[in-house]
Amino acid sequence: MSECIVITSGKGGVGKTTTSANLGVALALQGHRVAVVDADIGLRNLDVILGLENRIVYDLVHVIEGECRLKQALIRDKKVDTLYLLPAAQTRDKSAVSPEQMKDLINQMKEEFDYVLVDCPAGIEQGFRNSIAGADRALIVTTPEVSAIRDADRIIGLVEAAELPEPKLIINRFRQHMVDRGDMLDKDDILEILAIPLVGIIPDHEDVIISANRGKPVAFDEDSVVGEAYRRIARRINGEPDVPFIALESSGFWSNMKRWFGVSAAKGAV
Amino acid sequence: MSFFSRMFSNKGSKDDAKARLKLLLVHDQVDLTPAQMEAMKAEVIEVIGRYVEIDRDSIDFKLERSGGDVALVSNVPVRRVTARAV
């Protein structure tokens, strides 16, 4: 039983590509055959996050236009051999692909893979429509900011209008110490506003930037709390029941002060 | 926010974010301009005012959302009932 999941957000820069790469890695590490598809035609980046940018010969548009076979365009990951990337074209634009073509491509890929993850471009135009065309369900990525949550709300409406099942939410760049002092929306505030189920919280951590610099997604890093957060989301996506949330320690100035004075640090969970 | 104002206030910016978002999302969804909202409020109040005497200065009239549903929530204090039940 294979499945296509689109990773979308509306707003740009909230971490769709990072999430797509890391969930792809985490699902593959759990033994599934996974393909990640970069649907951001003209602005590809999933290749860079995965460290596969030097291996691209053919891309998604080549496959759709029949210039190569799907197998020729798929790039196998260097570190986990059940993970493949289908890169976006860099010199074309979104109009090169139609939703129908995308749906056919995804259906073809679902015959080969357990999971097909589609990294959706920002916006609500054709790139978005192409990305959801073949999807069985959607994950919405947001950050705890007014602009990102507003756009997430809009996207949730569009996903529901497209008659996909209820999407699930990933809250990215979460800062527990800011929540503790009342300067960041908490998980419950965001869930109250967006009213969809939560599938995970990713702490804001420099590991994400370091791993992007190296082209090696943080989900490979067994010691990283962010990597662990992604691995747990992958287990939840795969239907594993009751995957516990990790306790999140505050690391800000005030919690350090509290620790010195013997007050236990407030804890959240990812 | 300065260090001192934070020392003396327990309220963070989160509450502002939440209040602004709630209003924003309702209006994104309903797509009524502030002028249209005012016009609707004036008309509704006009109708209510034909039947009961109301305190026009303390009327609460706004769109609210809980979950995915939008509701028009209004609180109209009645001073005196002027019309008799038919």
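1. Helices here are DSSP runs of H or I with at least four residues, strands are runs of E with at least two, and both are numbered from the N terminus. On that basis chain B has three helices and four strands, and along the sequence they follow the pattern α-α-α-β-β-β-β. Bear in mind throughout that this is a predicted model.

2. Staying with chain B, buried residues make up just 3% of its 86 residues. Of the contacts in chain B between residues at least 6 apart in sequence, 57% join residues at least 24 apart.

3. A quick sanity check on helix H2 (residues 14–30) of chain B comes out fine: at 1.5 Å a residue its 17 residues should span 24 Å, and the end C-alpha atoms are 24 Å apart, so the two agree. Just past H2(B), Asp31(B) has a positive phi of about 60°.

4. Now for where the chains meet. Chain B puts 14 residues into the contact and chain A puts in 13. The chain B side that touches chain A splits into six charged, four polar and four nonpolar residues.

5. Chain A has an open sheet of eight strands with mixed pairing, in the order E3-E4-E2-E5-E1-E6-E7-E8. Its edges are strand E3 (75–76) and strand E8 (198–203) of chain A, each of which pairs on one side only. As general background, strands of a sheet pair through backbone hydrogen bonds, either parallel or antiparallel.

6. Strand E1 (residues 3–8) of chain A deserves a look. Five bridges tie E1(A) to strand E5 (residues 115–119) of chain A, and the two run parallel. Four bridges link E1(A) to strand E6 (residues 137–142) of chain A, again in parallel. Ile7(A) has bridge partners in both neighbours: Asp119(A) in E5(A) and Leu139(A) in E6(A). Ile5(A) is matched with Leu117(A) in E5(A). Five of the six residues of E1(A) are buried, so the strand is largely enclosed by the rest of the structure.

7. Which strands does helix H5 (residues 99–110) of chain A lie across? They are E1, strand E2 (34–38) and E5 of chain A, and the helix runs at about 145° to E5(A). Helix H11 (residues 225–237) of chain A also packs on the sheet, touching strand E7 (168–174) and E8 of chain A, with its direction at about 170° to that of E8(A).

8. H5(A) has a helix partner too. Its axis and that of helix H6 (residues 126–133) of chain A come within 7 Å and cross at roughly 30°, and the crossing is right-handed. Pro99(A), Met102(A) and Lys103(A) on the H5(A) side meet Arg129(A), Asn130(A) and Ala133(A) of H6(A). By class, that contact has three nonpolar, two charged and one polar residue. The general rule is handy when viewing such a pair: an α-helix has 3.6 residues a turn, so residues three or four places apart point the same way.

9. Last, Asp93(A), which sits in the loop between strand E4 (83–86) and H5 of chain A. Is Asp93(A) partly exposed or buried? It counts as partly exposed, because it has 13 C-beta neighbours inside 10 Å, while a buried residue needs 20 or more. Leaving out residues up to four places away in sequence, Asp93(A) touches Ile41(A) and Gly42(A). His177(A), by contrast, is 84 residues from Asp93(A) in sequence and 41 Å from it in space, C-alpha to C-alpha.

Terms used:
Residues numbered from 1 in each chain as written. Chains lettered and ligands numbered in written order. Predicted model: local features only at pLDDT ≥ 70, side-chain atom pairs only at ≥ 80, totals over all residues. Contact = placed C-beta atoms within 7 Å. Nonpolar A, V, L, I, M, F, W, Y, C, P; charged D, E, K, R; others polar. Pairing = 2+ DSSP bridges. Axes fitted to C-alpha atoms, helices over the stretch in contact; angles between N-to-C directions. Left-handed = near helix turned anticlockwise from the far one by under 90°. Buried ≥ 20, exposed ≤ 12 C-beta atoms within 10 Å, placed from the backbone. Expected span 1.5 Å × (residues − 1).
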